[in-house]
Every structure is written in C-alpha cells, then in structure tokens.
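Student: I'd like a close look at one single part of this model. Could you walk me through it?

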Amino acid sequence: MNQNSVFGISGAMKKGIVVSRSLGSANPEARIEGQTDCLDPLLESQLTVIATLAQHSFGVDTVLLSVPGTEGLWINSESESASGHFTYRDVNTHGQSNCSDRICVIEDTLNVPAFSEVFLISDYSETRFYAELAVSAPNGVQIALVRLIHSQPKRFGEQPRKMFQLLGNIISNTLQNQVPRQQPSIETPSLVQSISQTQDLFLNSTDCKPAYNHLLKNILSLTNSQMGLIGEVRQNQQGEFSLKILALSGEPQCPHGIALLQGIQNEGMVFKQLDNLLGAAVSRGKVVISKNVAADSKQVGLPKGHPAMTTYMGIPVFSGQSVTGLIGLANRPEGYTEKLAEELRPLSQAVGMLVERQKLHVEKVHSIRRMERARNYDHLTCLPSGPMLTKLFRREVRETIKWARKLSVCMIDIDDFKHINDQYGHAIGDEILKTIAGRLKRAVRSKDLVAKLRGDEFLVTLRGMDSPSVYRRLLDVISEPITISNQAFVLSASMGVTVYPQDQSEPDTLLRHSSHALYEAKDSGKGRFVTFDVSVHQARQERIRILEDIESSLERSHFQLFYQPKINFRSGIVEGFEALIRWNHPKHGLLMPNEFLGATELTKYESLLGDFVIRTALSALQQFEANHQNYTISINISPNHFLDSNFVSALQAHLRGCSTQLRRRLVLEVLESTAMEDLGTAKNTVKACHALGVMVSLDDFGTGFSSLTYFRDLPVDEIKIDKSFVIGMLDNPSDRVIVESIISLSKRFNRRVVAEGVETKALAQELRGLNCDFGQGYYFSVPRPLEQAIAWADPFSAPLFKNEMQ
C-alpha cells in the first residue's frame with residue numbers, strides 16, 4: 001500500500017499513519033505504515049489500540065486513522081484552509097451526502113456518483129460505506145483524520161454518530177497528552193487483544209456484565225494487580241454523583257468479603273458518598289495514586305467485608321470532558337505510577353466507549369419502553385388501550401371459548417361529556433375521567449378487564465356473567481357525585497352490552513356489536529344500558545344480504561314470473577292468470593315471494609321489482625294479443641310502490657305503445673292495507689290507472705278494519721276475497737258469512753269477485769253456488785312458468801271444470 005492510497009488524498013498526511021484492516025479475516029490486523037520513526041512508541045501503541053477499538057465498535061472492514069508528523073498536518077487542495085482549520089469535504093452538491101458537525105457519512109457510495117472523484121481512495125475500489133471524522137484540538141486545528149470503510153452499505157444513525165464523536169474525543173485526548181518516548185510496561189498486542197475480546201462480548205450479548213468482568217480481569221493481569229473495579233458515574237436530578245459498580249474482582253478471605261463480591265456480581269452496588277479514596281479520581285477528574293492506603297486520610301468509606309488494600313490507583317474514565325466512569329486498581333506489589341496509568345489510557349478509553357454505548361443503549365431501551373407504554377396504556381387513566389387492549393380482549397375471548405363460559409362485553413360512554421370539557425376545561429374533564437376509571441376498577445373483580453377506548457369511552461368485560469343488576473351497578477357508580485376543586489359534578493353514562501356465547505362473533509365483531517348497542521342506548525334515552533339483540537342483528541344482516549343479491553340478480557335476469565290461472569265459475573274456462581314473482585337464486589334455488597319481498601320494504605328494490613313485474617306481464621300480454629288469446633294478467637303491486645308519487649308516470653311509460661284492449665287485460669292487485677295507509681292517495685291513483693285503461697283489484701279483502709268504506713270510496717274494479725276466509729268457509733260458519741257478505745256487497749257495488757285459496761272441489765262448488773265470479777287455487781293449478789301455464793289453459797280442455805263443479 002503506498003502512502004497516497006492510505007490517505008486517499010495526494011500528500012495529505014506526511015507521517016504517522018495508523019491502519020487497522022481486517023479484510024474479512026477472523027483476526028483483525030493492526031499495524032503502523034508510513035514514516036513512524038517520529039512517533040512515540042507509547043503513542044503508536046495507543047493509536048493502534050484505538051484503531052482496533054473503532055473497527056470492533058462500528059463493525060467495519062477497515063479503519064484509517066491519520067495523524068500529523070513533524071511537518072504538521074497537510075490536506076489536499078479541495079479542502080485546504082490557510083489557517084489550518086478543518087473544512088469537511090462537501091458533497092452535498094451531488095445531493096447524496098450526509099455531512100454535519102465535522103462528520104461526513106455516505107451510507108451507500110453507489111448513491112454518490114462523485115464519490116471516487118471527491119474521496120480518491122484508489123486501493124478501496126469496492127467501498128460501499130464510508131464515514132469520515134476530522135479530529136481537532138481545542139484551538140480548532142485539525143490533528144487527526146479517521147475514516148471507516150466497509151464493503152457493504154451500512155445504516156449510520158444517531159447512536160453510531162455519537163460513538164464516532166466520542167472516538168474523536170478519545171483520539172484528541174490521546175494526542176494532546178503525549179509522554180516522552182520510553183519502553184511501555186504493557187505490550188501493545190496484549191492491549192489490543194483485551195479490547196477486541198471485550199468488544200466481542202459486548203457485541204454478542206445484551207448482558208454487559210461478562211464484558212466488564214472480562215475487561216477487569218485482563219487489566220488486573222496486565223498490571224499485576226490483586227484486585228480492582230470498574231464503575232459507572234451517575235448523576236441524579238439534584239446533581240449529586242454516585243458510583244455504580246459494574247465489575248469487581250479480588251480474593252476475599254472472609255465470609256463478609258465473599259458475600260460482598262457475590263452481591264456486587266449479581267446485583268451491583270452503588271456508592272453514594274464519593275468524598276473518599278474511591279471517589280477522589282472522579283471528583284478531581286485525574287489519576288489518583290495512594291502508595292500507602294492505610295495511612296491515607298481518604299481510605300474510609302469502604303463497605304464491610306472489602307479486602308484490605310495496601311496500594312491503590314484510581315483512573316477516571318472520560319466521555320468528552322465529563323467523567324463517566326472509574327477504573328480502580330489495588331495491591332500491585334511494585335506500586336502504581338503515572339506512567340502505568342498513561343499506558344492504560346487505551347483501556348480506560350475503551351471503558352469510556354463501552355459505558356457510553358451502554359448508556360445510549362439503555363436510553364434507547366427506556367425510550368422504546370416509554371413509547372410502548374404510550375401505545376399500550378392510556379396516559380391519563382393508566383388503563384390498557386390500543387394494542388394492549390386488543391391483546392387482552394382477545395385473550396379474554398379465547399379463554400371464554402376454551403372454558404365454555406359467558407363473557408359480557410360492556411362499552412360505556414359518558415353522556416354529554418363534551419359539555420364538561422367545553423364549560424369547565426380539559427383539566428377538570430381529565431380529573432373526572434381518572435375518577436371514573438378508578439370507580440370502574442373497584443366496581444368489578446380483579447379478573448375482569450377495565451380498559452380505555454377513545455375519548456370518554458371505556459370497555460369492561462365480565463367473566464362468566466350476564467347480569468342486568470351488575471350492568472346497572474356500573475352505571476350507578478359513574479352517576480355518584482364527583483367533587484373537584486369544591487365543584488360537584490353529577491354525570492350519567494350509557495352502556496351497550498353483548499354477551500358471548502349468545503353472540504358467537506369474532507373479538508372485533510363483539511366490540512362492534514357492543515358499540516351498536518351503546519348507540520341504541522344513547523338514542524333511547526341516556527343513563528341506561530341496552531343489550532345487543534343477536535336475532536334482530538342476524539335478521540338485519542340477512543336483509544342486507546338479500547338486497548345485495550337482489551341487485552345482482554336483477555342485472556343477471558334471475559327473476560321470473562309464474563302464472564296461476566283464474567277460473568270463471570260460470571263458464572268453467574280460464575279467464576286469466578295471476579303473475580307471481582319467483583327468484584332463481586344462484587345458491588339457494590327457487591325462492592318464493594315470502595322469502596325475499598319482506599326485505600325490500602321501504603327500499604328502492606320495491607319499485608325495481610315492481611317495474612320488473614309490470615314489464616314482464618305486459619310482454620306476456622303482448623304475446624297473448626299476437627296469438628289472439630284474451631287472457632288477463634293480474635300483478636301484485638306493493639303498497640309503497642302503488643302510493644309512490646312516481647308510480648303513475650312510470651306506469652304510463654311502461655304502457656306506451658300498448659293498445660286499449662291490451663291495457664284492459666292488465667289488472668293491478670293492491671292490498672287492502674294500501675288503502676288504510678292513505679285512502680286519498682289510493683283513490684287518486686286508482687282513478688289515474690283507470691284513465692290509463694288499466695283495471696285495479698283490491699287484494700286480501702276482509703282482513704282490514706274499514707272494508708265497507710272501500711266499497712263506497714275506492715273505485716276498484718274487482719274484490720279478491722282473502723284465502724283465510726275461503727279455506728275455512730265449509731267448516732266455520734263465521735267464515736262462510738264473511739264470504740257471503742263480501743260477494744253480496746260486491747254485486748251491489750258492481751264489483752267482480754275473485755275467491756283465492758280454492759283447494760277442493762267442494763269449495764269450488766260452494767263458491768259457484770254463492771254466485772262468486774272467479775276462483776283461483778291449487779284445486780285448479782299450481783303456479784307455472786308462462787309456456788306451461790298457457791299449455792294447461794287450452795280452451796278445449798278447460799271447460800271440463802264446469803261439468804265437475806255441477
């Protein structure tokens with residue numbers, strides 16, 4: 001490797017290049033390249049250790065650490081400064097860099113087209129990640145350059161940036177505290193190996209204790225010390241310092257000493273008083289050496305069982321200018337010196353980085369926990385909410401199913417709570433919510449769930465219980481007066497309840513059902529609870545499903561008309577047909593009207609199906625007319641459709657192009673109840689139908705309460721006796737009287753009479769004897785498709801009925 005390729009810039013650094021490069025090998029190589037004769041051996045050793053530390057900390061292939069030689073620091077022309085101060089290379093003009101605060105980071109060099117031109121590291125052509133840090137002295141003069149190189153892209157977020165800055169502080173402190181050249185007491189490879197092993201322990205485990213214990217063990221071995229400690233300096237909110245023991249080693253001889261060591265190793269120990277020998281290095285911020293601990297005035301304050309010390313050295317651990325830790329060593333036979341402390345500087349710096357990284361990790365963990373708690377618990381009431389609510393509620397449902405028990409799901413909403421916030425402020429509203437949360441918790445058992453939904457809504461689940469008295473008690477505890485700032489508040493709440501297993505739904509659906517019941521409770525008058533009616537809901541869902549299927553079936557022509565003949569009692573021939581709608585459902589087969597028409601009431605589908613029936617019946621009448629067949633067709637029109645203001649105009653549009661004779665053979669059957677709803681509108685619509693040439697029949701006559709009025713005021717052409725009277729007239733004298741009366745009145749008011757429900761020959765004969773005009777029922781024929789109905793109604797065979805009825 002030539003000098004230019006090391007620096008990556010022509011003539012940038014004259015001497016003292018430190019390179020740590022692994023190239024994917026298991027054991028990283030650390031060596032000095034360039035003119036190193038001017039470097040102090042101790043400094044050379046420390047810089048090599050720092051380069052190795054950086055490589056392990058950031059997990060990169062290569063670390064380039066460049067320092068000035070005797071001729072000072074040179075930088076290339078692109079970033080040269082006449083004053084010698086640092087100017088980082090700005091690649092923002094390419095829109096790809098991430099440079100700030102003396103750090104330049106390129107997470108993926110492929111995103112920076114000008115990377116090779118600006119950074120010119122020819123020997124690292126496969127570089128995908130690059131980070132650069134300029135290290136400066138307090139006067140602003142650049143004194144080192146650190147570059148991280150990796151063959152794969154890397155994320156370099158806030159925490160790595162802080163660590164990179166900390167590395168710069170370590171290098172700066174090292175370079176500014178050089179000592180005269182002399183042979184070190186501790187060999188560099190031993191330092192490197194110790195730091196590497198410690199870094200590996202940190203990187204491969206979330207538990208930092210093994211790393212600290214391993215590092216302390218190595219320090220004791222390197223210094224020939226009998227005992228030692230590594231501690232973290234902490235500061236509370238009052239600014240008071242304490243020392244948390246991270247690792248402690250020694251050979252205790254007494255039970256108290258053994259217990260002390262085991263306790264610290266398992267749980268740690270905190271020294272809150274640092275005005276002693278142990279805390280002197282922390283408070284002074286410099287190395288403290290005691291050659292005779294027994295005679296030292298600050299030797300007090302050690303815990304019971306601590307092994308005796310003869311000599312001691314305390315080394316402060318720095319992060320920037322702040323003391324963040326302590327290395328304490330004791331009982332070295334040859335004693336301690338400032339030189340030894342200086343040789344241990346790389347290790348103390350490693351401890352500083354480890355402590356700082358651990359702090360950053362702890363802060364991150366605490367931040368994540370705070371965010372998780374904010375997501376999972378309501379900040380005001382401390383009740384479960386969000387994902388935690390979902391988790392706990394689903395667990396409750398699973399347990400309910402597993403043990404085959406009941407579960408009441410209660411959703412509670414405070415009535416008019418917005419008024420409290422608006423009139424008294426959110427602070428009062430918050431106190432009220434906290435009070436209510438506490439009351440609900442006390443009102444249920446510990447095994448029951450109380451959670452916060454949104455706003456002023458709460459969720460309570462009750463295991464194995466479905467009790468209206470308990471539901472009432474929950475509302476009662478809320479309605480008890482709440483006093484805040486000498487102001488009494490009396491509130492009420494509404495509650496919706498659904499109960500498993502009556503409501504065998506998924507957890508999310510159970511919540512939705514309790515919400516539906518809650519809205520019903522609020523609509524029906526506040527301060528009460530409503531239990532979700534599963535049967536009503538299922539009927540509603542079935543209705544929705546039917547309506548959705550109707551719409552698609554109308555588009556696909558799945559509806560058709562079946563035709564049931566009406567027989568003239570006098571002639572015995574077929575007078576016409578009643579058209580009855582059928583649904584050829586793709587899944588459920590042929591459906592009768594009673595299976596789907598009820599779902600269409602008060603919806604647009606009433607008119608859509610009615611228009612379909614009118615169009616289809618008129619098409620059949622046109623076929624009759626073409627074949628010179630004089631059959632009539634009666635069709636059923638729903639009350640809402642018949643009374644709709646658009647009915648007459650729509651009927652007129654359907655009849656456009658139809659002859660007068662064809663129109664007279666169309667009979668609109670409307671229920672007697674239609675007239676009961678709005679006699680005036682019904683009367684006008686009947687007259688309008690007559691004006692269009694269409695006949696009108698009053699269906700199911702006799703079932704209403706004002707039938708005689710219709711004979712007088714409703715100008716229909718035909719009266720159709722309800723089959724409930726016809727079927728029972730032979731066995732029930734009252735039914736026979738009703739049938740006779742309707743026939744008699746119809747004749748007096750000049751109305752045709754049709755009897756439906758004729759199912760036997762005896763009924764047909766009886767009705768003919770009562771002078772009824774027409775009969776319709778299963779005795780004659782079941783409803784059939786059009787072609788089959790026409791074939792059955794062959795005029796040459798139909799008169800046989802006349803003979804049978806005589």
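Student: How many of the residues of strand E25 (residues 666–671) are buried?

Tutor: Let's start with the ground rules. This is a predicted model, where local features need pLDDT (the predictor's confidence in each residue, from 0 to 100) of at least 70, side-chain atom pairs count only at pLDDT 80 or more, and totals for chains, interfaces and linings use all residues. Residues are numbered from 1 along each chain as its sequence is written, and side-chain values use heavy atoms, with hydrogens and water left out.

Now your strand: 5 of the 6 residues in E25 are buried, meaning under 20% relative accessible area with a 1.4 Å probe, protein chains only. Strands here are DSSP runs of at least two residues, numbered from the N terminus.

E25 has partners, and two strands pair if DSSP finds at least two bridges between them. Strand E24 (residues 632–637) runs parallel to E25 and is joined to it by 5 bridges; there, Ser 634 sits opposite Val 667 of E25. Strand E26 (residues 695–701) is also parallel to E25, again with 5 bridges, and Val 670 faces Leu 698 of E26.

What about the core? The largest nonpolar core, a set of buried Ala, Val, Leu, Ile, Met, Phe, Trp, Tyr and Cys residues joined through side-chain atoms within 4.5 Å, has 75 residues. Among those with the most contacts inside it are Leu 666, Leu 668, Ile 633 and Ile 635. Helix H17 (residues 604–626) gives the most to this core, with 10 residues.

As for confidence, the protein chain averages a pLDDT of 80, and 80% of the residues score at least 70.

Definitions and conventions. Buried means under 20% relative accessible area, exposed over 50%, partly exposed in between (1.4 Å probe, protein chains only). Helices (H or I, at least four residues) and strands (E, at least two) are DSSP runs, numbered from the N terminus.
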